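Please work through the following exercises with the coordinates open. Each task sentence is followed by a worked solution.

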Amino acid sequence: MKDNCNREIKHIRFSVTSNCNYNCIYCDREGFIPKTTELSVDEITQLCRILAQVLKVTKIKFTGGEPLLREEIVEIIRNVSDLQLYKDISMTTNGVYLFEKAQDLFDAGLNRINVSLGTLKPDIYKKIYGSDSLEIVLKGLQKAKKVGLIPIKLNYVVLKGINDQEINDLVNFCAENEFILQLIELHKVPRSISQDNAFYDKYYFDVMPLIEEFERKATNIEVRGNMQNRKVFTLPNSAKVETITPGHEFCMGCTKIRVGCDGNLFGCLFRSELGTNVKEALKNNHSLSMYEKIVKQVVDTREPYY
Ligand code: SAM
C-alpha cells in the first residue's frame, strides 16, 4: 500500500508495552502515549495477521517501552512467527533481559535484535539510561549472538558532551564482535510528548562531519533506499556503521507504519495524534476490506515532512 506521496509501506513497528525499566534521557516514547489498556496477546496476533494481509508487508519490529518487560513476549513472537506471514521479525530492546530470554526468543521465531547501547563506560551508561546494567547488557549481547539473533545492531544515539567521544571505541567494539553500529542523530521528541526542546538544543550533536569522514574512509557504501535512505558504511577494520539522520532524506525514504501498545495505528513518529485506534474494531470481526479502509486512511495521514 502506498501513501499520498507514493511511499510504499514496507514494514511495521509494533509497541507491545509502554512499560519501561529505563529512564533514557532522550526518550521519544516511540512517538506516543497510550490512551487505553494494552492489546492482549490475541489482539496483537490478530492485528499482525491483518496488517500483513492488508499491507502485504513481511517485516515487523517489536518495540516498547521495553518489549522484554511484556510478560508474554515469547508467546507473542511465537504467535506472530506461526502466522508464517513475516520473513523478518526483529526487536529493539535495552538488552537487560536478553541474557535470560535470548534462547527462548530465538526458538520462538525472533530473527534479530537492535540493542540500545551508546557507551561502553558504566558511569556514562548510568547517565544516559538511568541504569547500572551495562555488564548484564554486554553479557546479553554475547548470548544473543551465540543463539543466532543476528545481525545484531547497536543503537548509538549521539549526545553532545556525553558520548560523542566514544565513536572510535564503539566502532572497534562492533568490528571485534561483528555487530553493526547504528549511529543515530538525536531527534526532537514528538509534539504529543513534549513541547520543550531545551534538551535537544543542549545535547544535539551534528553527525554530518562523522558521515563525511566515513565517506572518505569507507571501503564500501550502501544506501538502504527502503529504510529512510540510510547509508551503511563498511570501514577498513570491517566495522559496519549505519547512519540515521532525521530530515528530508529520512522522511522521503520512510516506509514504516507504527502500532502503539494500545492499538493506535499511526503513520509517523512525529504525528501519533493523526492515528486511529483499532482496539475496538478488533472485537468486531471486520472483513479484510473494512480493515483496508481503516489502514488506508491512516497511511494517507502521512505527510512529506511532518
Ligand atoms: N526500550 C527499547 C530500547 O531501549 O531500545 C525500545 C524503545 S526505544 C524508544 C527505541 C529506540 O528509540 C532507541 O534505541 C533509540 O535509538 C531511539 N530513540 C528514542 N528517543 C530518541 C531520540 N530522541 N532521538 C533519537 N533516537 C531516539
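The exercises below concern a predicted model and treat helix packing, the ligand site and two backbone features.

**Exercise 1.** Determine how the axes of helix α1 and helix α2 are oriented relative to each other.

*Solution.*
Step 1. Two packed helices are described by the angle between their axes and the distance between the axes.
Step 2. For α1 (residues 41-55) and α2 (residues 73-82), the axes come within 9 Å and cross at roughly 30 degrees.
Step 3. Angles under 35 degrees count as roughly parallel, and α1 and α2 are therefore roughly parallel to each other.
Step 4. The crossing in which α1 passes α2 is right-handed.
Step 5. On the α1 side, the residues that meet α2 are Val41, Ile44, Thr45 and Cys48; on the α2 side, they are Glu75, Ile76, Asn79 and Val80.
Step 6. Sorted by class, this contact of α1 with α2 comprises 5 nonpolar, 2 polar and 1 charged residues.

**Exercise 2.** Carry out the corresponding analysis for α2 and helix α3.

*Solution.*
Step 1. Helix α3 spans residues 98-108, and its axis is 8 Å apart from that of α2, at an angle of about 20 degrees.
Step 2. This angle makes α2 roughly parallel to α3.
Step 3. The handedness of the α2 and α3 crossing is right-handed.
Step 4. From α2, the contact draws on Ile73, Val74, Ile77, Arg78 and Ser81, while α3 supplies Lys101, Asp104, Leu105 and Ala108.
Step 5. The class count for the contact of α2 with α3 is 5 nonpolar, 1 polar and 3 charged residues.

**Exercise 3.** Identify the closest residues around the ligand, and specify which atoms of Asp28, Glu66 and Ser116 approach the ligand.

*Solution.*
Step 1. The ligand is surrounded by 19 residues, of which the closest are Tyr26, Asp28, Gly65, Ser116 and Asn155.
Step 2. Asp28 uses a backbone N or O atom, placed 3.0 Å from a nitrogen atom of the ligand.
Step 3. Glu66 presents a polar side-chain atom at 3.1 Å from a ligand nitrogen atom.
Step 4. Ser116 likewise presents a polar side-chain atom, here 2.7 Å from an oxygen atom of the ligand.

**Exercise 4.** Locate Pro151 and Lys56 and describe the backbone geometry at each.

*Solution.*
Step 1. Pro151 lies in the loop between α5 (134-147) and β5 (152-158).
Step 2. The peptide bond leading from Ile150 to Pro151 is cis, and its omega is near 0 degrees.
Step 3. Lys56 belongs to the loop between α1 and β2 (59-63).
Step 4. Although Lys56 is not a glycine, its phi is positive, at about 55 degrees.

Definitions and conventions
Residues are numbered from 1 along each chain as its sequence is written. This is a predicted model: local features need pLDDT of at least 70, side-chain atom pairs count only at pLDDT 80 or more; totals for chains, interfaces and linings use all residues. Side-chain values use heavy atoms; hydrogens and water are left out. Axes are lines fitted to C-alpha atoms, for helices over the stretch in contact, and angles run from 0 to 180 degrees between N-to-C directions. Helices (H or I, at least four residues) and strands (E, at least two) are DSSP runs, numbered from the N terminus. Angles under 35 degrees count as roughly parallel, over 145 as roughly antiparallel, 65 to 115 as roughly perpendicular and the rest as oblique. A crossing is left-handed if the near helix is turned anticlockwise from the far one by less than a right angle, and right-handed if clockwise. Contact means heavy atoms within 4.5 Å. Ala, Val, Leu, Ile, Met, Phe, Trp, Tyr, Cys and Pro count as nonpolar, Asp, Glu, Lys and Arg as charged, and the others, Gly among them, as polar. A residue is near a molecule or strand if one of its heavy atoms lies within 4 Å of it. A polar contact is a pair of N or O atoms within 3.5 Å; within protein, one must be able to donate a hydrogen and the other to accept it, and residues adjacent in sequence count only if both atoms are side-chain atoms.
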